[in-house]
Amino acid sequence: MLGKQTDYFRTVFWDSMNSREKSGSKRGDVIDNLLEIKNEEQKSDFKFEGDALVSQSAMFSVAGLETSATTTAFTLLELARNIEIQERVREEIKEKIKENGLTYESVQEMKYLHQTIAETLRLVPPAPILDRVALVDYKIPGTDIVIKKGTVIYTPLCGLHEDPKYFPNPQSYDPDRFSDERKKDIVPCTYMPFGDGPRICIGQRLALLQVAVGLITILKDFEISLNPIYKNEVDPRAIFVNPRS
Ligand code: HEM
């Protein structure tokens, strides 16, 4: 899947494991801790051959890097289009940094900033399709429709996130949809930028943190405006949503 870049991931992964070994944390211990392997008998159940571990770490990069970058970029785009919202976000950022410095806690207190990120994820969910396979025959309540065992189900998030039944005036960028007063109106499973259920995005909290920190770093010092040549097009060939380059 990663083609020539596979070697890059191999190098980053094993360099990191080897440097841990050198710094006193044995490579074997790291792996044992990762998998909570407690005794030799259990250990023989796990064989790390080839790229089994490398591929796990590569998956985190694939799933976590572009998605967070896209969210940051599209939030900046919306803030460039909506100057009043941009000003409100900046004021909040400056106020919270003035009160407590730039700490994990102060980032969490930037409520309006998080509302803007949530609203970007509604309009531009970077991973826009959720996929599942039916494990049993399932009759959709109130209909005659039966989803047969083994059927692949795709849930297109843009359709849900832009349905006026659930999000009135869906095309308008309105972070206050996610205010404390209004977010209770959101119907469960109509807003799922990180998926839902047991396979919900495992990196959700890290994603929100790194997007917030990226935006804070830029917005505290810079005003964002639209580049006049930008056409606002999404690349139709991309699996993850991306601006057309
Ligand atoms: C804004 C950023 C992100 C978005 C929008 C996003 C979105 C998603 C979505 C929609 C899924 C599928 C969930 C489902 O089917 O119910 C998913 C799965 C996953 N994400 Fe994220 N993600 C983001 C960031 C991250 C980060 C930062 C990491 C890791 C560092 C990560 C790692 C993963 C992994 C490993 C899965 C598969 C989980 C599983 O199948 O159990 N994601 N993500």
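Reader: Which residues come closest to the ligand, and how many surround it?

Author: In this predicted model, 22 residues surround the ligand, and the closest are Arg132, Gly195, Asp196, Arg199 and Cys201. A residue earns its place if one of its heavy atoms lies within 4 Å of the ligand.

Reader: What makes the approach of Arg132 to the ligand a polar contact?

Author: A polar side-chain atom of Arg132 lies 2.7 Å from an oxygen atom of the ligand. The cut-off for such a pair of N or O atoms is 3.5 Å, so this pair qualifies. Arg199 also brings a polar side-chain atom to 2.7 Å from a ligand oxygen, and that pair passes by the cut-off of 3.5 Å.

Reader: And what part of Asp196 is involved, backbone or side chain?

Author: For Asp196 it is a polar backbone atom, 3.2 Å from an oxygen atom of the ligand. With the limit at 3.5 Å, that pair counts too.

Reader: Why is Cys201 called a donor to the iron atom?

Author: The SG atom of Cys201 is 2.3 Å away from the iron atom of the ligand. A sulfur atom within 2.8 Å of the metal counts as a donor, so Cys201 fits. Cys201 is the single donor from the protein, and its place in the chain is the loop between helix H8 (157–161) and H9.

Reader: Which elements of secondary structure help to build the shell around the ligand?

Author: Helix H4 (52–81), strand E1 (129–133) and helix H9 (204–219) each give at least two residues. The largest share, 6 residues, belongs to H4.

Reader: What is the chemical make-up of that shell?

Author: There are 12 nonpolar, 7 polar and 3 charged residues in the shell. Cys is put among the nonpolar residues, Gly among the polar ones, and Asp and Arg among the charged ones.

Reader: Where does the ligand sit?

Author: The ligand is in the largest pocket. To say so, more than half of its atoms must lie within 2 Å of the grid points of that pocket.

Reader: Why is Ser179 called buried?

Author: Ser179 has a relative accessibility of 6%, and buried means under 20%, so the label follows. Ser179 is in the loop between H8 and H9, and its side chain reaches the backbone oxygen of Asp176 at 3.0 Å.

Reader: How many helices and strands are there in the chain?

Author: The chain has 9 helices and 4 strands. Along the sequence, they follow the pattern α-α-α-α-α-α-α-β-β-β-β-α-α. Of the 245 residues in the chain, 31% are buried.

Notes: Residues are numbered from 1 along each chain as its sequence is written. This is a predicted model: local features need pLDDT of at least 70, side-chain atom pairs count only at pLDDT 80 or more; totals for chains, interfaces and linings use all residues. Side-chain values use heavy atoms; hydrogens and water are left out. A polar contact is a pair of N or O atoms within 3.5 Å; within protein, one must be able to donate a hydrogen and the other to accept it, and residues adjacent in sequence count only if both atoms are side-chain atoms. On a 1 Å grid over the protein atoms alone, a cavity is a set of points where a 1.4 Å probe fits but cannot get out, and a pocket is an open set with protein on both sides within 12 Å along at least five of seven lines; lining residues have an atom within 4 Å of a point. Donors are N, O and S atoms within 2.8 Å of the metal (3.2 Å for Na, K and Ca); water is not among the atoms, so sites may look incomplete. Buried means under 20% relative accessible area, exposed over 50%, partly exposed in between (1.4 Å probe, protein chains only).
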